[in-house]
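Student: I've got this model open and I'd like to get a feel for how it's held together. Can we go through it bit by bit?

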Amino acid sequence: MMRPGHLVLAAALLGAVPAAAQDAALPEPMQGLWVSGECAAPEAMLFATHRGWAMLPTGGTQRLWRITRTGTVGDGFTLAVGDDEEHTRLLLRATPTGLETREPPEKLADADLPGDAPARSFRRCPALPTPLALLHGEGLSFLGALDGIEAACAHGEAAACIDAVWAWADVSGDGTLTAAEVSRLARGVAYATMLSQGTEMEELAAALGAGALGGVAVGWALIASFDYDGSASLSKAEVMQDRFPPPGLAGAVAAAPSLPPPGVSLSGQLGALKVLFEELAPLLGLPGH
């Protein structure tokens, strides 16, 4: 069963990364949403941020990588290295019509890049087909916020971390979270967690579709746990209530829920999110992993 407070802190955990990764970033012109194929019928989408990328084919495995390092290699390519055990590499290069990517084989050394791996062309599109927008729009919004969450969470300060999560979740901008806003956060965490592990498009669609009503249940459950003033919404003060030591008792209780130290790998942190995801799965109607 989901323990109170885990939902907000889970998003913070997802954002916390090793300090060394803070300098690993893709150039700004390469960031954003790219489409391979026709805008009306994409073959695949690539979503790139400062410190991560998601490859989203219209058939096959949907996958998210957070970047551990970047560099420049031959023929003007930018190299991005993922956080997975295989250290997946992606090469990106701006072209007159958009973006070219290549995925080099594992055994090819960085010094020998780009090699002869097949090239894929991506371009910008003014809009996406409605089914793809409905499937990915909310989740990509959350992925886009992760860079800011990373920066806020990098030093292990819980209050700053929650502020960053709150900024994305608070759609209305009134400083509190309704059940609908907490539900959206739950779906964003679920989307990122599924992509970080790798998931088929059909599985993602089924999970998020089934989880829509379950996310509302999570929202109301979290509000019921923290809504001390009976407003049917959450404030940051309510969420953080009793999570800092009362005056005079600083040495007697933990100062705040602990975040992973800077040296902990992102893969390990996503392991903690996997546990959370499994706890949320029954409520969201999502498949276990």
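Student: Which residues touch the most other members of the largest nonpolar core?

Tutor: First, this is a predicted model, where local features need pLDDT of at least 70, side-chain atom pairs count only at pLDDT 80 or more, and totals for chains, interfaces and linings use all residues. Residues are numbered from 1 along each chain as its sequence is written, and side-chain values use heavy atoms, leaving out hydrogens and water. A nonpolar core here is a set of buried Ala, Val, Leu, Ile, Met, Phe, Trp, Tyr and Cys residues joined through side-chain atoms within 4.5 Å, and buried means under 20% relative accessible area, with exposed over 50% and partly exposed in between (1.4 Å probe, protein chains only). The largest one has 40 residues, and those touching the most other members are L143, Y191, L195 and L234.

Student: Which element gives the largest share of this core?

Tutor: Helices (H or I, at least four residues) and strands (E, at least two) are DSSP runs, numbered from the N terminus. Elements giving two or more residues to the core include β2 (41-49), α4 (179-197) and α5 (201-226). The largest share, 9 residues, is from α2.

Student: Which cysteines does the disulfide join?

Tutor: There is 1 disulfide (a pair of cysteine sulfur atoms within 2.5 Å) in the structure. One partner sits in the loop between β1 (32-38) and β2, the other in the loop between β8 (119-122) and α2, 86 residues apart. With S to S at 2.0 Å, the pair is C39 and C125.

Student: Is D147, the salt-bridge partner of R66, buried or exposed?

Tutor: A salt bridge is a side-chain nitrogen of Lys or Arg within 4 Å of a carboxyl oxygen of Asp or Glu; for R66 and D147 the closest N and O atoms are 3.0 Å apart. R66 lies in strand β4 (residues 61-73) and D147 in helix α2, so the pair ties together parts 81 residues apart in sequence. R66 is buried at 5% relative accessible area. At 12%, D147 also counts as buried.

Student: Over which residues from 245 on does pLDDT stay under 50?

Tutor: pLDDT is the predictor's confidence in each residue, from 0 to 100. The protein averages 77, and 70% of the residues score at least 70. Where pLDDT is low, the predicted coordinates should not be read in detail. That goes for the stretch where pLDDT stays under 50, residues 245-277.

Terms used: Contact means heavy atoms within 4.5 Å.
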